[in-house]
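Thanks for coming. I have one structure to go through today, and I will keep it short.

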Amino acid sequence: ISPTAQQVLDLKAGLHYFNVHTSNFTGGEIRGQLLWNPLNEPVYLVTQHYYDFLGRLPDPGGLNFWLNELTVCGTSVQCLRDRSVGVSNAFFYEQEYQQTASFVFLLYRAAYGDAQPFPNPDPGNVTEANKLPRYLTFVRDRAQVVGGSELAATQQALANAFVQRPEFVTKYPLSLATGAQFVDAVLATIQSASGVTLAMADRDALITHFNNGGRGLVMFHLANDYWNGCDRLNPPQSAPCVPAGFGAAVDNRVFIDAEYNRSFVYSQYSGYFRRDADIGGFLFWLNQVSQAPPRNVAKQHAMVCAQITSAEYQFRFGDTAPRTDAECIP
């Protein structure tokens, strides 16, 4: 098939259809309109994921890697459906997202727990809404932390600015003047909201960070996913080493794990839909992924499939929504 330029334009405008004729129905037995959305184009889909989840332009190597994951399917529709879900999920699962957008989310959860100063505005369930930072608040800070050689420096810069804001000083007044006072106050927030307690050795390490770098360095380590040495055996998710000049990493894995599913569901709204979550939908999906341990691929793929086949997501980019959640049924 070698369509003309005009035929391609007509196809993208939804003007083409298939009509199946049989001997019993010579006039046509079944008819299907061909619908197109730019998300069906691998280059467009992958590039948009770089914008929505990583906040940057794709680098050529990364773009080619993810395109190969999709174009290897050739003309297999089922392969393309399955792999598009896997590629989409990978943008959250990979370390760059965990060290950028998830870092910002964990910064808010560590600092404010279930009483966010600028919470999700959904009035339907205020208790749950208060656990989530408002999208506009989140995205403002998320834009300041982008992957690359200066990642740790931008994380630290955000953390330093974060602890100087009026809402943070109200929550943690300057009268909490010693490392022990400040660290214990933040850890109490984490324990109350996330139900986890860091080890005493990590508390002591945070106090050392307070003495060496102030409040910002404490929050930098609480929200980060770093490990101390490159020789550590099998670090979770292949977490990177803590950069030089930022002190020893804190083993905050219990906090990261406790918040992982909530961060994942939050990312679906902030990434795919670029808006605050409706709390009813948020709780539905949080319950779905929480039926398995964190990082369960099947659970995550089920949710990702529902998002990328939703009409809301597809209508962000085109006038038609050719994919439906029927694709997500095993």
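I will take one helix pair and then the disulfides. Keep in mind that this is a predicted model.

Start with the helices. Helix α2 covers residues 42-54 and helix α3 covers residues 60-71. Their axes lie 10 Å apart, at an angle of about 135 degrees. That angle makes α2 oblique to α3, and the crossing of the two is right-handed. Which residues meet there? From α2 they are P42, V43, L45, V46, T47 and Y50, and from α3 they are G62, L63, W66, L67, L70 and T71. By type, the residues of this contact are nine nonpolar and three polar, with no charged ones.

Now the cysteines. The model has two disulfides. One is formed by C73 and C79, with the sulfur atoms 2.0 Å apart. The angle about its S-S bond is -65 degrees, and the link is left-handed. Are these two cysteines buried or partly exposed? C73 has a relative accessibility of 8%, so C73 counts as buried. C79 has 22% and is partly exposed, because buried requires under 20%.

The other disulfide joins C305 to C328, at 2.1 Å from S to S. This link is also left-handed, with -90 degrees about the S-S bond. The pair connects distant parts of the chain: C305 sits in helix α15, residues 297-308, while C328 is in the segment after α16, and 23 residues separate them. C305, at 7% relative accessibility, counts as buried. C328 has a relative accessible area of 23%, so C328 is partly exposed.

That is what I have; questions are welcome.

Conventions:
Residues numbered from 1 in each chain as written. Predicted model: local features only at pLDDT ≥ 70, side-chain atom pairs only at ≥ 80, totals over all residues. Heavy atoms only, no water. Axes fitted to C-alpha atoms, helices over the stretch in contact; angles between N-to-C directions. Helix = DSSP H or I, 4+ residues; strand = E, 2+ residues; numbered from the N terminus. Parallel < 35°, antiparallel > 145°, perpendicular 65-115°, else oblique. Left-handed = near helix turned anticlockwise from the far one by under 90°. Contact = heavy atoms within 4.5 Å. Nonpolar A, V, L, I, M, F, W, Y, C, P; charged D, E, K, R; others polar. Disulfide = S-S within 2.5 Å. Buried < 20%, exposed > 50% of the residue type's maximum accessible area, 1.4 Å probe, protein only.
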